[in-house]
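Colleague: I have a new model open on my screen and would like to talk it through with you. Could we go over it together?

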Amino acid sequence: MMFRDQPVRRAACLAPALLLAACGASAPPSPAPLTDESRAAVTDKAGAPREQLAREIDDLFMMDGLGETRAVVVMANGELAAERYGQDYDAETRFVSWSMAKTVTAVMIGMLVADGLLALDEPAPVELWQRPGDPRAGITLRHLLQMRSGLRHTESGDPPYESSEVRMLFLDGRDDMAKWAKEQPLEAEPGERFEYSSNTTVILADIAANALTDSNDPEARRKAVADFLEARLFGPLGMTSMVPEFDASGTLIGGSLMHATARDWAKFGEFLRRRGRAPGGEQLVPSRWVEAMTTPSPKSPHYGLQTWLNRPVEGLEFPHPLFPDRASDELFSLIGHMGQYVLVAPDRRLTVVRLGHSDAEQRRAMLQQAADVIELYPER
């Protein structure tokens, strides 16, 4: 039977919470009061409603299903907006980068290109590949930076020892990681397809060392790269906590092993947001290089030069690593294993660092919460 007042009742049920009781539904529970710790995490330069920002950050730490958040740092309009740590972590804790290191390696390569020591679209300077008839001679520096080398690779194997990354880092390649990575044959034409590869980034780190020193001595190679990074990047940015790791041959483990505080990871994100400038205005790497880092690869719209992009991808076989439905395509990110993120939103003058430990499902949920933080800040 139809009642005349049915449309009225339907409209009432769509009205605000004051009419919920009339519709037979209970009002949603009020959120728990914010703790003093939650409020103290937000500074007087929040750049967004402080209560809302405190609550969104609190959810990153306390909400079920997100994994363990160990550190959050928010930089808004170049100022510290918020900072909070989990139990047993603080502002002095060095957090491992995992694959966030790749973006640091890309900046180092950009500096060497700007110095005229490397060329982006010429054959990569890997002696092993330059023998007559070797098809790997077609691999360029750009191919390596965009993960389009075509070298045989399996990033995550099952069982784990079938992973090319695991074999390079911990098994037969561990003493000279770049040598092991460079010896892999092609499984695709250079430039033909995207395949994410931590081993590729170690090859880039080896190329950087060879550009900086002629020595094969491990200590000389280590020192050349460490001194370059300190003088040209870490020092000018005030990243005083940064500790890069090297293998036994003196090659930077540029795809996965750098350590720094959450604040220093935020400084690096801000450096990229400023298109390669230090806080004082010094241009450390050409702005066009940062533009190249954040330009989609021909084979992967969501990836640039060792940097993840917030670009939609049709037919992606796995969940998007970011959230193109929640933020503009200007957003880009450093992403590390198990939930390390430096999210940079230039259109909102914002950098958000989230470090912790989350599995794949938890990361998807956590990123939605991180997007809630970002959405508190208006696009310019």
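Colleague: Among contacts in the protein chain between residues at least 6 apart in sequence, what percentage join residues at least 24 apart?

Modeller: Happy to help, and please keep in mind that this is a predicted model. The protein chain has twelve helices and nine strands. If we take the contacts between residues at least 6 apart in sequence, the share joining residues at least 24 apart is 61%.

Colleague: What is the radius of gyration of the protein chain, and what does the globule rule give for 380 residues?

Modeller: The C-alpha trace spans about 85 × 50 × 40 Å along its principal axes. There are twelve helices and nine strands in the chain. The chain is as compact as a globular protein of its length, because its radius of gyration is close to the value from the globule rule: 23 Å against 21 Å.

Colleague: How much of the protein chain is buried?

Modeller: The accessible surface comes to about 17,800 Å², and carbon and sulfur atoms account for 51% of that surface. Counted by residue, the buried part of the 380 residues is 52%.

Colleague: Let's turn to the helices. How many residues of α10 are buried?

Modeller: Helix α10 reaches 16 Å from its first C-alpha to its last, close to the 16 Å expected at 1.5 Å a residue. Its buried residues include W265, F268, F271 and L272, and also the charged D264, E270 and R273. The helix is largely enclosed by the rest of the structure, because the number of its twelve residues that are buried is ten.

Colleague: Which residue forms a salt bridge with R273?

Modeller: Side chains of opposite charge can pair when their charged atoms come close. R273 counts as buried because its relative accessibility is 11%, under the 20% cut-off. Its partner lies three residues away in α10, about one turn of the helix. The N to O distance in this salt bridge is 2.9 Å, and the partner is E270.

Colleague: Which side chain of opposite charge is nearest to R274?

Modeller: R274 lies in the loop between α10 and α11 (287-293). Leaving aside residues up to four places away in sequence, R274 touches L237 and P279. R274 is buried yet has no salt bridge, and the nearest side chain of opposite charge, 4.2 Å away, is E270.

Colleague: Which residue takes a positive phi just after α10?

Modeller: Most residues other than glycine have a negative phi. Just after α10 there is a residue with a positive phi of about 60°, and that residue is R275.

Colleague: Is M147 buried or exposed?

Modeller: M147 is found in the loop between α5 (141-145) and α6 (164-170). Its phi is positive, about 60°, although M147 is not a glycine. With a relative accessibility of 2%, M147 counts as buried.

Colleague: What is the relative accessible area of R349?

Modeller: R349 sits in the loop between β8 (340-345) and β9 (350-357). R349 also has a positive phi, near 55°. This residue is partly exposed, with a relative accessible area of 38%.

Colleague: Which residue with a positive phi follows α4?

Modeller: Helix α4 covers residues 101-114 and reaches 20 Å from its first C-alpha to its last. Twelve of its 14 residues are buried, among them K102, M108 and M111. The residue that follows α4 has a phi near 80° and is G116.

Colleague: How far apart are the closest N and O atoms of D227 and K223?

Modeller: D227 and K223 both lie in helix α9 (residues 218-237), four residues apart. Residues three or four places apart in an α-helix point the same way, because there are 3.6 residues a turn. D227 is partly exposed at 38%, and K223 is partly exposed at 44%. They form a salt bridge whose closest N and O atoms are separated by 2.6 Å.

Colleague: Which residue forms a salt bridge with E375?

Modeller: E375 is partly exposed, at 40% relative accessibility. The closest N and O atoms of the pair are 2.9 Å apart, and the partner is R326. E375 lies after α12 (360-374) and R326 lies between β6 (308-309) and β7 (332-336), so the bridge ties together parts 49 residues apart in sequence, and the partner you asked for is R326.

Key: Residues numbered from 1 in each chain as written. Predicted model: local features only at pLDDT ≥ 70, side-chain atom pairs only at ≥ 80, totals over all residues. Heavy atoms only, no water. Helix = DSSP H or I, 4+ residues; strand = E, 2+ residues; numbered from the N terminus. Buried < 20%, exposed > 50% of the residue type's maximum accessible area, 1.4 Å probe, protein only. Salt bridge = Lys/Arg side-chain N within 4 Å of Asp/Glu carboxyl O. Contact = heavy atoms within 4.5 Å. Expected span 1.5 Å × (residues − 1). Rg over C-alpha atoms; globule rule 2.2 N^0.38 Å. Areas by Shrake-Rupley, 256 points an atom, 1.4 Å probe, with all protein chains shown as cover.
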